[in-house]
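Here's a quick briefing to keep beside the viewer. Load up the structure and follow along.

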Amino acid sequence: MSGRAFATKPELAKAMVLRALASSLPITWVTADSAYGQEWRFRRMLEETAVGYVLAVPKSQQVPRFGRIDHLFTQAPDEAWEKRSCGDGAKGPRVYHWAAVQLPVIEGFDGERPTHHRWALARRSISRPDEIAYYLGYAPVGTGVDRRVRVAGRRWAIEECFQAAKNECGLDHYEVRRYVGWMRHVTLAMLAHAFLAVTAAQAAAKGGAETVPAPWFRSPWRKPAGCWQLASPPSPARRIASTQ
């Protein structure tokens, strides 16, 4: 192991994604929590490979030219928040209030005819409106909001998969002493979980499965062409001139 060097979680994620993209898998989207979403190098790598993403970010995440992402969504008009389902959960569709806004293109990087657009998204709890999660997205031109919301919701299924593997198959019940032993344990646990998942899906298909349970400046939000977009704020010089 002397040839191994320390790598941060975003660096490990970049290597994993690049290895997956080099395979024959039909990968078109990447989603992850804020530990990865706040890393701009990770986002830029995905953009350079033309892979769409919906990545969670902290509320303090800076949006170029518009400041913190949570402050940006405080400017969103009420009609920008719409009820949408991000996928089915244990108790049915997981419905939240979602707001999505298209961000301005980055000159010199996106080109004159960009193939993708960047987005900021927010997910607000219906019963607890003060609970808001934030995301940055990158999607092919023409991708609907529902599609981006569904991608954001895929993380729930992945996290549920790992939790079930821990609870039902002992995924995390190991003593880390040697890499080989750890890898064998994890591989066997995931194989057992895959077998149980397939068996449950087959039983459900036959009908025999059990159910388990406000700013000083003008808001930049605009809706000129059927989707919310951000208008670039005026330069400091223009702003001073407009107040004189």
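How exposed is Glu-131, going by its relative accessible area? Glu-131 comes out as partly exposed, because its relative accessible area is 41%, between the 20% limit for buried and the 50% limit for exposed. Bear in mind that this is a predicted model. The notes below cover the salt bridges and then helix H5 with its neighbour H6.

**Salt bridges**

- The side chain of Glu-131 pairs up with Arg-128 in a salt bridge, at 3.4 Å from N to O.
- Some salt bridges share partners, and that links Arg-44, Glu-47, Asp-110 and Arg-118 into one network.
- Inside that network, Glu-47 bridges to Arg-44 with the closest N and O atoms 3.5 Å apart.
- Both Glu-47 and Arg-44 sit in helix H3 (residues 40-48), spaced 3 residues apart, or about one turn of the helix.
- In an α-helix there are 3.6 residues a turn, so residues three or four places apart point the same way.
- The two ends of this pair have separate labels: Glu-47 is buried because its relative accessibility is 8%, under the 20% cut-off, while Arg-44 is partly exposed at 27%.
- Asp-70 and Arg-68 make another salt bridge, with their closest N and O atoms 2.8 Å apart.
- Here Asp-70 is the buried partner, with a relative accessible area of 10%, and Arg-68 is partly exposed at 26%.
- The full tally for the model is 9 salt bridges.

**Helix H5 on its own**

- H5 covers residues 145-169, which is 25 residues.
- From its first C-alpha to its last, H5 reaches 36 Å, close to the 36 Å expected at 1.5 Å a residue.
- The buried residues of H5 include Val-145, Val-149, Val-151, Ala-152 and Gly-153.
- Two arginines, Arg-148 and Arg-155, are also among the buried residues of H5.
- Right after H5 comes Gly-170, with a positive phi near 65°.

**H5 against H6**

- H5 packs on helix H6 (residues 179-205) at an angle of about 100°, and the axes are 10 Å apart.
- H5 therefore counts as roughly perpendicular to H6, because the angle of about 100° falls in the 65 to 115 degree range.
- On the H5 side, the contact is made by Cys-161, Ala-164, Ala-165, Glu-168 and Cys-169.
- H6 contributes Ala-189, Met-190, Ala-192, His-193 and Leu-196.
- By residue type, the contact splits into 8 nonpolar, 1 polar and 1 charged.
- Ala-164, Ala-165 and Cys-169 take part in this contact and are also among the buried residues of H5.

Notes:
Residues are numbered from 1 along each chain as its sequence is written. This is a predicted model: local features need pLDDT of at least 70, side-chain atom pairs count only at pLDDT 80 or more; totals for chains, interfaces and linings use all residues. Side-chain values use heavy atoms; hydrogens and water are left out. A salt bridge is a side-chain nitrogen of Lys or Arg within 4 Å of a carboxyl oxygen of Asp or Glu. Helices (H or I, at least four residues) and strands (E, at least two) are DSSP runs, numbered from the N terminus. Buried means under 20% relative accessible area, exposed over 50%, partly exposed in between (1.4 Å probe, protein chains only). The expected span of a helix is 1.5 Å times one less than its number of residues. Axes are lines fitted to C-alpha atoms, for helices over the stretch in contact, and angles run from 0 to 180 degrees between N-to-C directions. Angles under 35 degrees count as roughly parallel, over 145 as roughly antiparallel, 65 to 115 as roughly perpendicular and the rest as oblique. Contact means heavy atoms within 4.5 Å. Ala, Val, Leu, Ile, Met, Phe, Trp, Tyr, Cys and Pro count as nonpolar, Asp, Glu, Lys and Arg as charged, and the others, Gly among them, as polar.
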